[in-house]
Amino acid sequence: MKFLLDSGDPDEYREIAALATEKGRELWGATTNPSLIAKKLAGQKISKDEAFALQKKIVLEILEIVPGAVSAEVYADASTPAEAMIAQGRDIATWHDRIVVKLPTTLEGFIARTELRKENIVTNNTLVFSQQQIFAICLHEQIVTKQFALEGSKWPSFISPFVGRLDDIGLQGIDLVANGMKIKKLLTPELWMLEASARTAQHILEGEELGSELITAPGKVYKEFFQGATSIIDQKQLQTIPYWEPDEELLKIETVEGFIQALTSGILDIHHDLTEKGLIRFAEDWNSLIAS
Ligand code: E4P
């Protein structure tokens, strides 16, 4: 399993990369999001263009520290149309050949994903909280690969289930990774699972055991992990998430048009309250930087 740091602070990347090396491991990549970038730029009142320029500067600095993929997220609130995400995603993808474009797992996010994957841009579906969303990402990847005869990109695209935020509402977040791995194996084993929103060293150990290809965690979690947490201790009183099996009708969808239709009609229900809440929080944090 490759380690990614979930941070918008280049200094923290230097610190955790050095710690990982000291422990014989590698800090391979990075995930950033609007809240993490806003945290780094806190206190400033700047224009939208300046905020995007500073986001790019931070991401480029992080790319100099880690050898692998760095995810940068498009700005999206509840009313952002796919076209705006496509334009931002195309721009972000030009920053560096190790950039991965993070997109929300929503209807508009999938419309944007179609265009960006068509151009072979590596994507990271973020704010993933349900198996239906994981199924939708896998099915979409299967369809676009075939429909647009995609050739291999630098890396497979990523799926980011938010384990910690599910724990916060009393569910066993790691079950989403376990069940998601089964869904991924069924449709698109080539995609990479990126266990996200990790809160403890135990989350790292569990993700490793489940075969998640990637994990992203904050610096304090890696510090705990590198201090020697080695065994999985089940001390959580959280509710199990049972496996959800896609029905035959969904498995028959073969075109992007059919896929979008399944989302709009609700046959494939990708709504999740935490996805909506997550978008609101990202947008609020980002907008706190913007001078009115
Ligand atoms: C993932 O890419 C996200 O940035 C992240 O893991 C969110 O974690 P949080 O729930 O701790 O904010």
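Helices α5 (residues 107-118) and α6 (residues 131-147) pack with their axes within 11 Å, crossing at roughly 35 degrees. Helices here are DSSP runs of H or I with at least four residues, strands are E runs of at least two, and both are numbered from the N terminus. The axes are lines fitted to C-alpha atoms, over the stretch in contact for helices, with angles running from 0 to 180 degrees between N-to-C directions. This is a predicted model, in which local features need pLDDT of at least 70 and side-chain atom pairs count only at pLDDT 80 or more, while totals for chains, interfaces and linings use all residues. Residues are numbered from 1 along each chain as its sequence is written, and side-chain values use heavy atoms, with hydrogens and water left out.

The way α5 passes α6 is a right-handed crossing, the term for a near helix turned clockwise from the far one by less than a right angle, with anticlockwise giving left-handed. On the α5 side, the meeting residues are F110, R113, T114 and R117; on the α6 side they are A136, I137, H140, E141 and V144. Contact here means heavy atoms within 4.5 Å. Sorted by class, this contact has 4 nonpolar, 2 polar and 3 charged residues. For the classes, Ala, Val, Leu, Ile, Met, Phe, Trp, Tyr, Cys and Pro count as nonpolar, Asp, Glu, Lys and Arg as charged, and the others, Gly among them, as polar.

Helix α6 itself is mostly covered, with 12 of its 17 residues buried, where buried means under 20% relative accessible area, exposed means over 50%, and partly exposed lies in between (1.4 Å probe, protein chains only). The buried set is Q131, Q133, I134, F135, A136, I137, C138, L139, H140, E141, I143 and V144. As for length, 17 residues at 1.5 Å a residue should span 24 Å, and the end C-alpha atoms of α6 are indeed 24 Å apart; the expected span is 1.5 Å times one less than the number of residues. After α6 comes A149, with a positive phi near 45 degrees, even though A149 is not a glycine. A149 sits in the loop between α6 and β6 (158-161), and counts as exposed at 57% relative accessibility.

Another non-glycine residue with a positive phi is N120, at about 60 degrees. N120 belongs to the loop between α5 and β5 (123-128) and is partly exposed, with a relative accessible area of 26%.

A second helix pair, α9 (residues 201-210) and α10 (residues 219-226), has axes that come within 8 Å and cross at roughly 75 degrees. That makes α9 roughly perpendicular to α10; the label covers 65 to 115 degrees, with angles under 35 roughly parallel, over 145 roughly antiparallel and the rest oblique. A201, I204, L205 and E208 from α9 meet V221, Y222, E224 and F225 from α10. By class, that contact comes out as 6 nonpolar, no polar and 2 charged residues.

Helix α4 (residues 82-93) also passes the length check: its 12 residues should span 16 Å at 1.5 Å a residue, and its end C-alpha atoms are 16 Å apart. Buried in α4 are A82, M85, I86, Q88, G89 and I92. The cover over these residues includes α3 (48-65), β3 (70-73), β4 (99-104) and α5. Q88, with 17% relative accessibility, counts as buried; leaving out residues up to four places away in sequence, Q88 touches F52, V74 and Y75.

In helix α8 (residues 174-187), N179 counts as buried at 7% relative accessibility. Not counting residues up to four places away in sequence, N179 touches Q131, I241, P242 and Y243. A178 also lies in α8, but is partly exposed, with a relative accessible area of 23%. A178 and G207 are 29 residues apart in sequence, and their C-alpha atoms are 8.4 Å apart in space.

Finally, L289 is found in the segment after α13 (273-287) and, at 1% relative accessibility, counts as buried. Setting aside neighbours within four places in sequence, L289 is in contact with A38, L41, A42, Q44, K45 and I46. The C-alpha atoms of L289 and T32 are separated by 16 Å, with their positions 257 residues apart along the chain.
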